[in-house]
Amino acid sequence: PNNRLAGQTCIVTGASSGIGEAVATAIGLDGANVVVNYNSHPEIAEEIAHKISINNLCGDAIAIQCDVSKEDQVQAMFKQTINHFGTVDICIPNAGLQKDATLHEMSLADWQLVIDVNLTGQFLCAREAIREFLRRGIRPEISKSIGKIIHMSSVHQIIPWAGHANYAASKGAIVMLMESICQEYAPQKVRCNSIAPGAIKTPINKPAWETPEALTELNKLIPYKRIGVPEDIGSAAAWLASDESEYINGTTIFVDGGMTCYPGFTTNG
Ligand code: NAD
């Protein structure tokens, strides 16, 4: 814990499992107050918030329910956060899901759900965050930026993914959302970046790591030869939210053990 985020408040969406949980925990350990957003299973989110808030190295934490694809619910979550903690300094739209199908078998519902959660959900959260940043104004004693947005993207913002076109399209779109927000609001000292995880051991991709055979196959895609863990993303997010990374804006940080370096080519001559 570095206490780099003391006095700040962070909303992490989809924080009741996997990467979101690790990000919420790392941000809390750096001194920020944390909103552990969840869509279902309040007891899990409450437990995570409780663990963060009883750790005396951490800021305070509360769990707030919200389906990030619903405008009224996202607005209510921000209102509740501001009522409780006073403002929002860091927004990490992380909630995401997959609804896999080959394209010719993909229903409009499968397409729409993934776009609604992974893309529209991130737009709605970023929009409310920027509204709050502009309302509050800069507090130089707290942070050099007026506010920070960290979109959770994926290596599939650049690696095409057969059988997952809806997911890859949602993550590809995050690049332009994030970069456009940066271009639009950097003059007001908003920092907007993305983290693009590679293969991280969480419930979303269990079939890819649950057997030794699957893990061997997966490692062929990872030059560093180990699957990522949620804490790999947590530490990147806490640093990216802090003033240590102040001059980083409009960038995607790949946290992927080299997955985006085309490991297949190591054996192709
Ligand atoms: P996960 O399934 O453990 O976590 C996703 C979370 O989002 C869950 O807690 C889920 O309840 C929540 N969620 C889903 N729909 C929601 C909604 N409508 N409103 C609020 N919350 C909702 O998976 P994860 O791996 O931790 O994924 C987190 C993010 O990281 C996702 O955006 C995912 O695309 C991205 N990602 C993961 C990997 C990986 O290898 N695990 C790789 C690249 C990107």
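This tour moves from the whole chain of a predicted model to a few of its cysteines.

Begin with the whole protein in cartoon view, where seven helices and seven strands can be picked out. If you colour the chain from the N terminus on, the elements follow the order β-α-β-α-β-α-β-α-β-α-β-α-α-β. Reduce the display to C-alpha atoms and turn the model along its principal axes, and these atoms fill a box of roughly 55 × 40 × 40 Å. The radius of gyration is 18 Å, which agrees with the value near 18 Å that a compact globule of 269 residues would have.

Next, show contacts between residues with a separation of 6 or more: 75% of these contacts in the protein join residues 24 or more positions apart.

Switch to the surface, where the accessible area comes to about 12500 Å², with 56% of it belonging to carbon and sulfur atoms, while 52% of the 269 residues count as buried. Select the charged side chains as well, and you will have 20 positive and 28 negative charges, whose mean positions are 4 Å apart.

Finally, select the cysteine sulfur atoms. With a disulfide taken as a pair of these atoms within 2.5 Å, the count comes to zero disulfides. Cys91 has as its nearest cysteine sulfur that of Cys125, 5.1 Å away, and is in no disulfide; Cys91 is also buried, with a relative accessible area of 0%. Move on to Cys182, which is likewise in no disulfide, the nearest cysteine sulfur being that of Cys192 at 6.9 Å. Cys182 counts as buried too, at 13% relative accessibility.

Conventions
Residues numbered from 1 in each chain as written. Predicted model: local features only at pLDDT ≥ 70, side-chain atom pairs only at ≥ 80, totals over all residues. Heavy atoms only, no water. Helix = DSSP H or I, 4+ residues; strand = E, 2+ residues; numbered from the N terminus. Rg over C-alpha atoms; globule rule 2.2 N^0.38 Å. Buried < 20%, exposed > 50% of the residue type's maximum accessible area, 1.4 Å probe, protein only. Contact = heavy atoms within 4.5 Å. Areas by Shrake-Rupley, 256 points an atom, 1.4 Å probe, with all protein chains shown as cover. Lys, Arg positive; Asp, Glu negative; His and termini not counted. Charge placed at Lys NZ, Arg CZ, Asp CG, Glu CD.
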